[in-house]
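Me: I am new to this structure and would like a close look at one part of it. Please take one helix, go through its surroundings, and then move on to the sheets.

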Amino acid sequence: MGDSKRSKVDVAIIGGSAAGHAAANEVARRTERSVLLVHEEPGELYQRTKVSKTFAEHLSTATSFPPTAFTEKLKTTHWDSSRIRCVTGTRAESIDVERRTITLSDDSEYEWGALIVATGARPAYPVFENAVYKDVHFGTSKAEIERLRGDAGRGKQILVVGTGVLGVEVAEQLVKLAADVTLVGRGATLMSHDLNAEVGAQMNALFVANDVSLRMQDEVSLIQKNGEKSAVTFKGDATTHLFDAVVCATGVKPNTELAKVAHLPVNPKGGILVDQKLRVLGQEQIYAAGDVAEHIDRPATHLWRHAKEQGVVAGRNAGGANESYEFAPFRLKTKLFDHYFFSLCRFHHRDRDRFEEVKYSVGRGSMWAYYDKSDTLQGVMMVNDPEREQLYRDLGAHQWKRSHVEAAIKSV
Ligand SMILES: Cc1cc2nc3c(=O)[nH]c(=O)nc-3n(C[C@H](O)[C@H](O)[C@H](O)COP(=O)(O)OP(=O)(O)OC[C@H]3O[C@@H](n4cnc5c(N)ncnc54)[C@H](O)[C@@H]3O)c2cc1C
């Protein structure tokens, strides 16, 4: 490689989503250091969480998203271009830890003072017999949703596999595009990881009322190509069903390929191992943040807010600070068929049964509080009371006692 393609930068960041964008902002805001942000998706940086929630409104008449769709919160226009360089549509192909360089897909090479790996997560391919994954959609990026749009529309039969938040959001948007949607999932109710059984049952009823066919406590066993269609067999019945498209919303896994090749420490079933400062274990000047990072003693959340907050801490530390990442409560919100669902909790969904659940009527909706043995609030779930979302955020954040919670709910 000629010297003309080699440059120096103080902080190099790989991946320009929640974590990478927040990290770049932080370095720029607090220091005079130069930043290179490399992002493999083309076009402007965008907020991934918005794609599955609102794609129907953009794609009802168009086949692709307008260039500025979902870019609002990840603007780069205020960045000083003499210090921050944002390169999109370009991949970081390799990291050389010894030489402290990264090589990009345009063959350029950058020597860095500090490196932040924010390569996020990618779909976890489910194991179906005979599946040809190029024929399956995943719905996790703007490009993926545009590809799906080519197969989905009025009267098309679409199967969405997976009933977590991504599956239900994509299904709702496909209904808005007048597709004929089937949802299949292992749980008895939709979003069973995030919502309690009562709210999950309400959501089941909501989807059925909007003409979605539900196959709960069922799963796909086989997918075969049948002309232009996919022939799918479910465990729950022996018949083969034909669909125009199959969307897998069956979870994600950390995108660690680059880190593995660079011999950074990676859990084979998880992410890049980091300490509380988000420093990659055994490395002084390499950080990992967001969905790609695996924290000692902390569950992976795969949530936007955590990725962003980790980006902030990694950016500060790469800029010379020495801060620790404090774990924030899990927070999720979604609006489906005009019903609003919100949850904020300090515990993993698997541990919900360890808390006392109390239901309250609030505004036009309901709220469930989760108290520990000392009557301290550890989690909140709300349906259809969006006007008071800030109250629920405050309740969850401050771990109030039950008497305070009940007084606060009554007073607004
Ligand atoms: C459709 C969808 C909806 C979601 N909705 C919600 C929600 O409502 N609430 C919530 O809290 N969370 C939600 N999430 C999860 C949330 O979006 C993620 O937790 C968050 O985006 C993680 O941010 P990140 O920066 O770690 O990585 P990612 O968003 O995964 O981005 C990483 C980026 O790095 C790029 N990259 C990877 N490798 C390279 C490379 N070698 N070179 C250059 N670039 C590279 C990737 O292309 C990708 O764009 C949703 C996720 C999806 C997919």
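Reply: Helix H4 is mostly covered, with 10 of its 12 residues buried. This is a predicted model, and what follows was computed from it. The buried residues of H4 are Val 165, Leu 166, Gly 167, Val 168, Glu 169, Val 170, Ala 171, Glu 172, Gln 173 and Leu 174. They pack against helix H2 and against four strands: E9 (157–161), E10 (180–185), E15 (245–248) and E20 (330–336).

The length of H4 can be checked. At 1.5 Å a residue, its 12 residues should span 16 Å, and the C-alpha atoms at its ends are 17 Å apart, which agrees. After H4 comes Ala 178, which has a positive phi, near 70°.

The helix partner of H4 deserves its own description. Two packed helices are described by the angle between their axes and by the distance between those axes. For H2 (residues 48–59) and H4 (residues 165–176), the angle is about 5° and the axes are 8 Å apart. The two helices are therefore roughly parallel to each other. On the H2 side the contact is made by Ser 52, Lys 53, Phe 55 and Ala 56, and on the H4 side by Leu 166, Glu 169, Val 170, Gln 173 and Lys 176. Sorted by class, this contact has four nonpolar, two polar and three charged residues.

Strand E20, one of the elements that the buried residues of H4 pack against, leads to a sheet. Five strands form this open sheet, in the order E20-E21-E24-E23-E22, with antiparallel pairing. E20 and E22 stand at its edges with a single partner strand each, so one side of each has no neighbour in the sheet. On average, neighbouring strands here are turned by 15° against each other, direction ignored.

Within the sheet, E21 (residues 339–345) pairs with E24 over five bridges, and Cys 345 stands opposite Gly 379 in E24. E24 (residues 377–383) also pairs with E23, over six bridges; there Ser 366 stands opposite Val 383 in E24. E23 and E24 form a hairpin with five residues between them, and Asp 375 in the turn has a positive phi of about 65°. E22 (residues 356–362) and E23 (residues 365–371) are joined by seven bridges, with Glu 357 opposite Tyr 370 in E23. This pair is a hairpin too, with two residues between the strands and a positive phi of about 50° at Gly 363 in the turn.

Two helices lie across this sheet. H5 (residues 197–209) crosses E20, E21 and E24, running at about 20° to E24. H9 (residues 402–411) crosses E22, E23 and E24, at about 165° to E23.

Another set of strands shows how side chains are arranged. In a regular strand the side chains alternate between the two faces of the sheet. In E5 (residues 101–104), Ile 102 and Leu 104 point to one face and are buried, while Thr 101 and Thr 103 point to the other and are not. E5 pairs in the antiparallel sense with E4 (residues 92–96) over four bridges, and Ala 92 stands opposite Leu 104. With E6 (residues 109–117), E5 pairs in the antiparallel sense over three bridges, and the partner of Thr 101 there is Glu 111. The hairpin of E4 and E5 has Arg 100 in its turn, with a positive phi of about 55°; in that of E5 and E6, Asp 107 has a positive phi of about 75°.

Terms used. Residues are numbered from 1 along each chain as its sequence is written. This is a predicted model: local features need pLDDT of at least 70, side-chain atom pairs count only at pLDDT 80 or more; totals for chains, interfaces and linings use all residues. Axes are lines fitted to C-alpha atoms, for helices over the stretch in contact, and angles run from 0 to 180 degrees between N-to-C directions. Angles under 35 degrees count as roughly parallel, over 145 as roughly antiparallel, 65 to 115 as roughly perpendicular and the rest as oblique. Two residues are in contact if their C-beta atoms, placed from the backbone, lie within 7 Å. Ala, Val, Leu, Ile, Met, Phe, Trp, Tyr, Cys and Pro count as nonpolar, Asp, Glu, Lys and Arg as charged, and the others, Gly among them, as polar. Two strands pair if DSSP finds at least two bridges between them. The expected span of a helix is 1.5 Å times one less than its number of residues. A residue is buried if 20 or more other C-beta atoms lie within 10 Å of its own, exposed if 12 or fewer, and partly exposed in between; C-beta atoms are placed from the backbone.
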